[in-house]
Amino acid sequence: MYYPEELVEEIRSKNDIVDVISSYVRLQKKGSSYFGLCPFHNEKSPSFSVSRKKQMYYCFGCGAGGNVFTFLMEYENYSFVEALKYLADRAGVELPEPEYSGEAKKRADTKAILLEINKAAAQYFYVQLLRPQGGHALTYLKDRKLSDDTIKAFGLGYSNKYSDDLYKYLKSKGYKDDMISQAGLISIDEKYGVHDKFWNRVMFPIMDVNSRVIGFGGRVMGDAKPKYLNSPETIIFDKSRNLYGLNRARKSRKPYFLLCEGYMDVISLHQAGFTNAVASLGTALTPGHAALIKRYVNEVYLTYDSDEAGTKAALRAGPILREVGITAKIIRMEPYKDPDEFIKNLGAEAFEERIQKARNGFMFSLEILERDYDMTSPEGRTDFMKEAARKLTEFDEEIERNNYIDAVAGTYHVGSEDLKKLVGRMAVQTGLAKPVERPRSTRSQNLDKEDGTRKSQKILLTWMASDENVFAQIQKYIHPEDFQEGIYRTVAELLYAQHEQGKLNPAQIMNHFTDEEEHREVAALFNTRIREIKTAHEQEKALKETIIRVKKNSIEEHSAKLDPTDIQGLQKLMEAKRALQDLEKLHISIN
């Protein structure tokens with residue numbers, strides 16, 4: 001569904017973001033911005049900023065950000081069109097019949113149709129569960145101690161035992177075979193024709209963060225295999241970037257997530273009051289999952305099954321979470337298999353006690369490692385400590401590594417300095433430099449350089465979007481092609497186009513991006529923290545250093561990619577180098 005950009009901008013401009021957000025969040029003015037407690041994560045000191053000048057919000061704690069449309073989509077779980085209609089009504093703007101455009105419209109329409117089909121399927125499954133043919137499935141859920149409210153809240157349902165039941169229903173609603181197939185709900189083959197992907201199963205709708213049904217999980221009623229079946233990946237469903245229950249858990253005020261293995265674990269925990277539980281979707285935890293979790297919390301409690309497979313999964317998940325800066329703790333379920341069984345037998349209070357006793361992920365991995373060694377013999381303990389020392393070399397940060405060395409030394413009653421020396425020897429033996437002196441790898445250096453480049457460009461875009469005077473002084477030297485390809489360059493191009501038209505409008509630039517992740521990234525480009533500098537002279541010096549850094553990085557990037565036979569490219573490179581020389585002599589005035 002497409003509306004003219006001019007109309008979208010009219011509606012946005014008639015809804016002041018401070019006024020809209022003030023009806024949801026208590027805001028206090030500080031300087032030119034307004035601050036309050038972020039509604040998207042748990043915090044005690046305000047880091048949620050709303051700018052009337054930029055018409056944008058940004059949380060420096062969790063990274064949530066965008067314009068007034070984004071806020072309503074995040075807070076109210078609205079689609080863009082729903083947010084647009086709400087704000088149009090609020091501003092007294094009448095929406096015309098939507099217009100449509102080209103290839104973008106085709107893909108957007110496909111996604112919209114798939115979401116419609118999944119929603120219709122979820123409603124159909126729910127109705128079937130409550131009819132006589134779904135009696136045994138409903139009994140199964142009741143036997144699992146689920147209440148009617150919980151069943152309704154999670155939209156649980158039943159797929160009939162007839163293998164073309166859903167297909168016939170969706171066809172009656174006017175949906176075409178290719179769309180139903182793209183939604184992952186039917187299979188089409190020459191031998192058997194068309195048949196439902198799910199039949200005779202309890203159905204678990206899988207929802208995205210905005211509570212839109214994007215896929216399904218089905219638990220078979222009987223002995224058929226597989227026991228659990230998930231929708232295939234589609235253009236709206238990516239298993240590695242979605243978590244079951246996240247649409248509900250992200251509203252929890254808890255500063256951590258409970259990460260489970262299965263649907264029933266999540267549902268049982270939510271019913272027991274632990275509304276911050278999520279689960280990966282029939283796959284091991286991935287870096288994509290970890291990055292998604294990081295948007296909401298910095299701490300995760302792993303509540304995986306207590307069997308060997310669950311233990312191994314927990315040990316694999318720890319480093320993946322640590323890589324993105326999430327602290328992992330382990331909750332043990334013994335004597336029960338999983339959170340679902342634990343809650344049913346011991347209740348919520350006992351589970352809360354287990355949370356309080358959760359083990360640090362790294363220390364837990366050492367506890368499991370102990371099983372491979374005879375800890376009663378000197379030889380066994382020595383071999384164990386060598387392996388523990390090897391694992392300690394995996395910490396890149398010296399302070400963090402030393403803290404863990406102290407913790408391990410205290411737990412296993414060895415001298416901290418002795419263990420530190422052993423860690424150093426193990427680092428050398430395994431091909432790493434001594435931890436306290438280990439040079440960064442080329443990859444790490446490249447990543448640092450890339451991060452530094454991005455940081456400089458983000459700071460410059462924030463500055464340019466905030467001050468037209470700054471923009472006017474540097475536009476001769478810095479151009480959109482000096483920014484990295486992708487979102488950075490696209491935003492720079494849009495910003496330069498606005499400057500030529502005489503007005504910078506960061507919130508309008510947000511209208512060019514529809515993906516939630518892109519909204520966050522673009523919002524961050526306009527809200528990068530610039531270190532506090534007191535005097536105008538220091539600000540001018542910092543701004544000039546940033547501009548020169550961006551230009552130098554741009555020249556290096558273009559030099560590396562330049563074909564020596566490209567005469568025009570060489571001329572442009574020489575012009576860029578002359579511009580850099582001029583920049584180094586330039587005085588930039590903040591006022």
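Q: How many residues lie between β9 and β10 in their hairpin?
A: This is a predicted model: local features need pLDDT of at least 70, side-chain atom pairs count only at pLDDT 80 or more, and totals for chains, interfaces and linings use all residues. Residues are numbered from 1 along each chain as its sequence is written, and side-chain values use heavy atoms, leaving out hydrogens and water. Strands (DSSP E runs of at least two residues) and helices (H or I runs of at least four) are numbered from the N terminus. In the hairpin turn, S211 has a positive phi of about 65 degrees, and the number of residues between β9 and β10 is 5.

Q: Which residue of β10 stands opposite M207?
A: Strands pair if DSSP finds at least two bridges between them. β9 and β10 (residues 213–220) run antiparallel, joined by 7 bridges. Opposite M207 stands V213.

Q: Which residue of β9 does G157 stand opposite?
A: β9 has another antiparallel partner, β6 (residues 157–159), with 3 bridges. Opposite G157 stands M203.

Q: How many residues of β9 are buried?
A: Buried means under 20% relative accessible area, exposed over 50%, and partly exposed in between (1.4 Å probe, protein chains only). One side of β9 holds R201, M203, P205 and M207, the other V202, F204 and I206, and both faces are covered. For β9 (residues 201–207), the buried count is 7 of 7.

Q: Which residues of β16 point to the buried face?
A: In a regular strand the side chains alternate between the two faces of the sheet. β16 (residues 327–330) shows this alternation. T327 and K329 point to one face and are not buried, while the buried face has A328 and I330.

Q: Which residue of β17 is the bridge partner of K329?
A: On the β15 side, K329 is the bridge partner of Y301. β16 also pairs with β17 (residues 359–360) in the antiparallel sense, over 2 bridges. There the partner of K329 is N360.

Q: Which helix joins β15 and β16 in a β-α-β unit?
A: β15 (residues 299–302) and β16 pair in the parallel sense over 4 bridges. Their unit is right-handed: with the strands pointing away from the viewer, the path from the first strand over the helix to the second runs clockwise. The helix, residues 308–323, is α13.

Q: How far from C59 is the nearest cysteine sulfur?
A: A disulfide is a pair of cysteine sulfur atoms within 2.5 Å, and the structure holds 0 of them. C59 is in no disulfide; the nearest cysteine sulfur belongs to C38, at 3.6 Å.
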